[in-house]
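Open the model in your viewer and keep the sequence panel beside it. Each stop below says what to select and then what is there.

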Amino acid sequence: MSDIQLYLLEFDKDKKETSRIAEQSATRLQNGELKLVALIENLGEYINNEESTLRTKAMAYLAEVLSFTPQKVLSRHQRNLLCDFILSRIADDGEGLGSCAKGLLALEERGKWDYERATAVIEVLINHTHPLRQYKLQTERYPVLTLIDTLMAKYRDALRNLHDTTPDFMARFISYFEGEKDPRNLMVVFSILKVPMIEWDIGADAQELFDAVFNYFPITFRPPPGDPYGITAQHLKDRLRDCIASTPDFAPYSFPALLDKLDSTSVNTKRDVLQTISSCVKEYGPRTVSLYSITLWDALKFEILNAQEEDLAQEALSALAGIAQTLADGSSGPLNAYLRPITNECNEHLEDAPTKQSQASGQILHKIASTSPETATIIISIILPNLYTLYQTADTTAKRRGLLEVLVQLIRADIEVFGEWRSLGKFTGDPLATNPLDKFGSRTLEVMANGLSTAPIKEVSFRLVCLNGLLHLTKVRQLLDDQDIAKVIQLFHDVVITEESYGKDEMKAAAINGLVEISHQKPQLVVDKAFPAFMAELPDTDADGSLTYLPVLEAFAKLASEEKVFDKVILRLKNKLNTAVKEHASSSYLVALLSAILYALNQGGVQLEQSSESSPYYQDIVLPLLSQVSSSDSSHQHAFDNETTLDLVGRICSIIIRPQSVEIQNKISKEIQSLFRGFSFTDVPPFNLNCTLQQTKWMIVTAHLLGAFRKEVALPSDTQSFLNALIQFTQQSSLTPPVRAATLSQISLVTNKFITTPTLNSLLEPILYPPTDLLSPSSLNPTTIRIIFAVLKGLVLRNSTLLSTIYPTLLSFLTNPTYGTTVAHGFTTLLQPADLLTKQNHCIISGLHKQKTFTLLVPNIAASFRAAEKETKPNYLIALSGVLRWLPFEIVQEELSQLLPLLLQSLDLKGEEGVKESAVGCLMKVLERNPGMVEEHTGSLITRLLSTATPIATVGSLGNNPAVGKATISGARAGVVNGNPARVRAVALKCLAMVPAQLKMEVVLPFRRQVVKKLAAALDDRRRIVRTEAVRCRAKWLEVDEVGDEDD
């Protein structure tokens, strides 16, 4: 059988085989085994057959052979003959149009056509296949559109010349695509039509061309589930918007049509209209836009002044700003004409401030003024004089606040245009641009400074506006001199220092943040003016028990975020700490000072990381702190025996030591256990089990020091002895929880970064197995279980191969009747983020450690659960939930079908709130990323979420007995509560609210009435966070059977 016969035989059976046959023919053609003439002759009886399907298949064979034929196999003459042959088939037959187009594309790829050939192709298509919609199959039309798109891309001049010389060509060309509905095809159609829109003289055809694309506005396409082509509604919207905005010739048609659709009740339609208007005003140019600017303002202002949806107001603002920006590129006349009605109307609304319209006016003025120096100058020059007059005559604080809010908006716009002290604005490259605020700077400063200093302390909202205005005023580039900025700094630190606390202390918080912002602009001024005032307010001791120093410390520490004042902040805080220690200040005051130092160091951490040389902070801060912790004479402060204080000391030392070189850290390591007291390491913990209580607490500090060391640093003793000592030390029953936690962290750190891979097995074997034998069932107790998981924590992060031998033993412990639940809870710690085990602390953290943990644990836990006894099944659910809690969805999704039933059963566990919270979190990830997996479990999911979120007595009773339902609800008010904590109830409601949003309508609709009814109890919950989520959840479920907009 010939190739064509084989091809026809397999055509409807196996597409891969037909492609292989076509490729084989192409190879024979290339090798000379098959002549082109013979190929065409073999096609003859099939391509001229009376049966149309046979002719179509024959053309498909020719197209596939051509697509597989390499370059230069066919001569130019042969390609022209084949092209003429295919064009004649299109003209005479029309069957197999898609294959004809594919054949022509293959020929064009193998040799560029001349202009005459390109013109002939487009003419044959338009003359003999018009309109394209007559071909019902998308697979027939798509290759034709792709061919025309190729012609548009490569033969622009030829097609434009055809348009110029053929009077009716454009009309036929436009109507050729009418009625196309397939989204893939439309993407190509929009791309094709955009070329004549931009590059051709469309003249009288402008309206017809515009209508051809605007008929599709707005796009309401929804891609089918699992769409392999990936075309979304947004892709189509973007392509259509580009067409509408492509040429100013469309303006007489586009603006009226768009404004007409702006009256739609559909939010999505309004959004599309506003975005398209923004694109149009950006592309049409100043001359065209000036003709419609006032009309557009009159229509768009209502979307802002009477905003129903905030995002629509923002889109309308962007459109108005786009108009101003476009007009600013032209002459001044149209811009002034556009801004005149805007400023007039905004001034009218300011007279009624504070109102929704005056607030919206501020947004309008800010958005437009920030577009260019010209618009900023015009708006500020017109608005500010009127605003000051209104402010002077205002008879209420509320009105003054509303006016100042608008003033702040204008200052922000000015900053965007003309820049801050440290950064240039968008248009500061213009040498002729003069800041319009120069004329109003002094008056603005006076108004806001008086407002801040004279308004009653209870007028928080008004004073916050004044403070915010002063802050922005200090930022305006070259507006205020240093003396004026110093006055603002003084006003701010007076608020922090001298002002009494009121309400939530919003003023103090805003003043502190304001000082931090100013320090980024004028650091030296803040040092000169604010530092002395702050230091004067920090006492040497807190003998009087007052806490007035807290806001001052907060402000001082936050200032460290500015690079140029970081060193000064640290120096002042360090000196104050030294003084407080000498004056025997209380533990709470020392904790506050240490917290401030820690916060400041964290803020300036970048500077500390920049140098690995010995830091001056090591001598000035680390050594004195460690000396104070380890002292035993009369100078020792008992405050440094406090575990919170020791934790702060450890964190401070860690930040400073962490970036140091290995050589410097090696010197520190020798003294890590004795804290530079010169003791032998055998005399202090963890080697000495009979040490003092004070020395025991040193373990909190040494944990942080060990965390800061690089992995190349030598430990004070050999690793085996050190690890054994830590394990023995941990098992002491007298240890406090913080000391035990610090010791366990040290075990994890040693296991993770201080044991090399070749020695890992030999060092851990005598610990996990005899003689220490931690993994023996007889050794199990709460302490050894913690030690096992501490060792595992270090191994998990480094992705050790030992895990595959340890995990099976650990999983077998889940069946232990005494300690199985304790072991199950330990699995939560394996992937849980830890303060000390981080990359910052030079730990070994493999990028695949979570994937490996999942692979080794989760399938085995799921399998063991099914075979487990009823009494031990909860242990497997607890362990599973603990592991899944910290895993990204991408890792979990491969086992979702097995895990979902187990996660749902986790919600039935009694007294395991953390497990439930973790399970609900996992379910929320599934609903968000792969909701289809949940559909078969919808009923179980909803029932269990309701049970978790609502009072127990209501679940299962409301649907059957209305009287019981009423009694239960009233009982909830009287004190019937769910055993789950509020955070678990709230997260369950949040998950339940996702169900109708993520699952198909037909899946969730049967549960609507049941859910809404049972949510009544959650609406009466004692905790506000639960009631809030219940309201949101109920609203989502009430929407289930409501018919929305067709494009929502």
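The tour goes through an annotated span, a helix, a buried leucine, some salt bridges and a few backbone oddities.

**Before you start**

This is a predicted model, in which local features need pLDDT of at least 70, side-chain atom pairs count only at pLDDT 80 or more, and totals for chains, interfaces and linings use all residues. Residues are numbered from 1 along each chain as its sequence is written, and side-chain values use heavy atoms, with hydrogens and water left out.

**Stop 1: the annotated span**

Select residues 40–306. An unreviewed UniProt entry gives this stretch the feature "domain: MMS19 N-terminal". UniProt positions appear here in the numbering used for this model, feature names are shortened, and annotations may be inferred rather than shown by experiment. The span is 71% helix and 0% strand. Its end C-alpha atoms lie 71 Å apart. Helices (H or I, at least four residues) and strands (E, at least two) are DSSP runs, numbered from the N terminus.

**Stop 2: helix α3**

Now select residues 36–47, which form helix α3. The helix has 12 residues. From first C-alpha to last it reaches 15 Å, close to the 16 Å expected at 1.5 Å a residue. The expected span is 1.5 Å times one less than the number of residues.

Which residues of α3 are buried? Colour Leu36, Leu39, Leu43, Gly44, Tyr46 and Ile47. Buried means under 20% relative accessible area, exposed means over 50%, and partly exposed is in between (1.4 Å probe, protein chains only). An α-helix has 3.6 residues a turn, so residues three or four places apart point the same way. Next, show what surrounds the helix. The buried residues of α3 pack against α1, α2, α4 and α5 (76–92).

**Stop 3: Leu384**

Jump to Leu384, in helix α20 (residues 373–393). Is Leu384 buried or exposed? Its relative accessible area is 0%, so Leu384 is buried. Show its contacts, meaning heavy atoms within 4.5 Å. Leaving aside neighbours within four places in sequence, Leu384 touches Ile379, Leu407, Leu410, Leu437 and Phe440. Draw a distance from Leu384 to Leu437: their C-alpha atoms are separated by 9.3 Å, while their positions lie 53 residues apart along the chain.

**Stop 4: salt bridges**

Side chains of opposite charge can pair when their charged atoms come close. A salt bridge here is a side-chain nitrogen of Lys or Arg within 4 Å of a carboxyl oxygen of Asp or Glu. How many salt bridges does the structure hold? There are 34. Visit three of them.

- Select Asp12 and Lys57. Their closest N and O atoms are 2.8 Å apart. The pair links distant parts of the chain, 45 residues apart: Asp12 in the loop between α1 (3–10) and α2 (15–31), Lys57 in helix α4 (residues 52–68). Asp12 counts as exposed because its relative accessibility is 60%. Lys57 counts as buried, at 16%.
- Select Glu180 and Arg141. These side chains meet in a salt bridge of 2.8 Å, N to O. Glu180 is in the loop between α10 (169–176) and α11 (183–199) and Arg141 in helix α8 (residues 138–154), so the bridge ties together parts 39 residues apart in sequence. Both Glu180 and Arg141 are buried.
- Select Glu199 and Arg156. Here the closest N and O atoms are 2.6 Å apart. Glu199 sits in helix α11 and Arg156 in helix α9 (residues 156–165), 43 residues apart. Glu199 is partly exposed at 31% relative accessibility, and Arg156 is partly exposed at 30%. Add Asp157 and Arg160 to the selection: salt bridges that share partners join Arg156, Asp157, Arg160 and Glu199 into one network.

**Stop 5: backbone oddities**

Most residues other than glycine have a negative phi, and most peptide bonds are trans. The next selections depart from that pattern.

Select His130 and Pro131. The peptide bond between them is cis, with omega near -10 degrees. Pro131 lies in the loop between α7 (115–128) and α8. Move on to Ala353 and Pro354, also joined by a cis peptide bond, with omega about 0 degrees. Pro354 is in the loop between α18 (332–350) and α19 (356–369).

Now select Asp505, a non-glycine with a positive phi of about 55 degrees. Asp505 lies in the loop between α24 (482–497) and α25 (506–521). Its relative accessible area is 25%, so Asp505 is partly exposed.

Finish at His584. Its phi is positive, about 55 degrees, although it is not a glycine. Find His584 in the loop between α28 (566–582) and α29 (587–603). At 56% relative accessible area, His584 is exposed.
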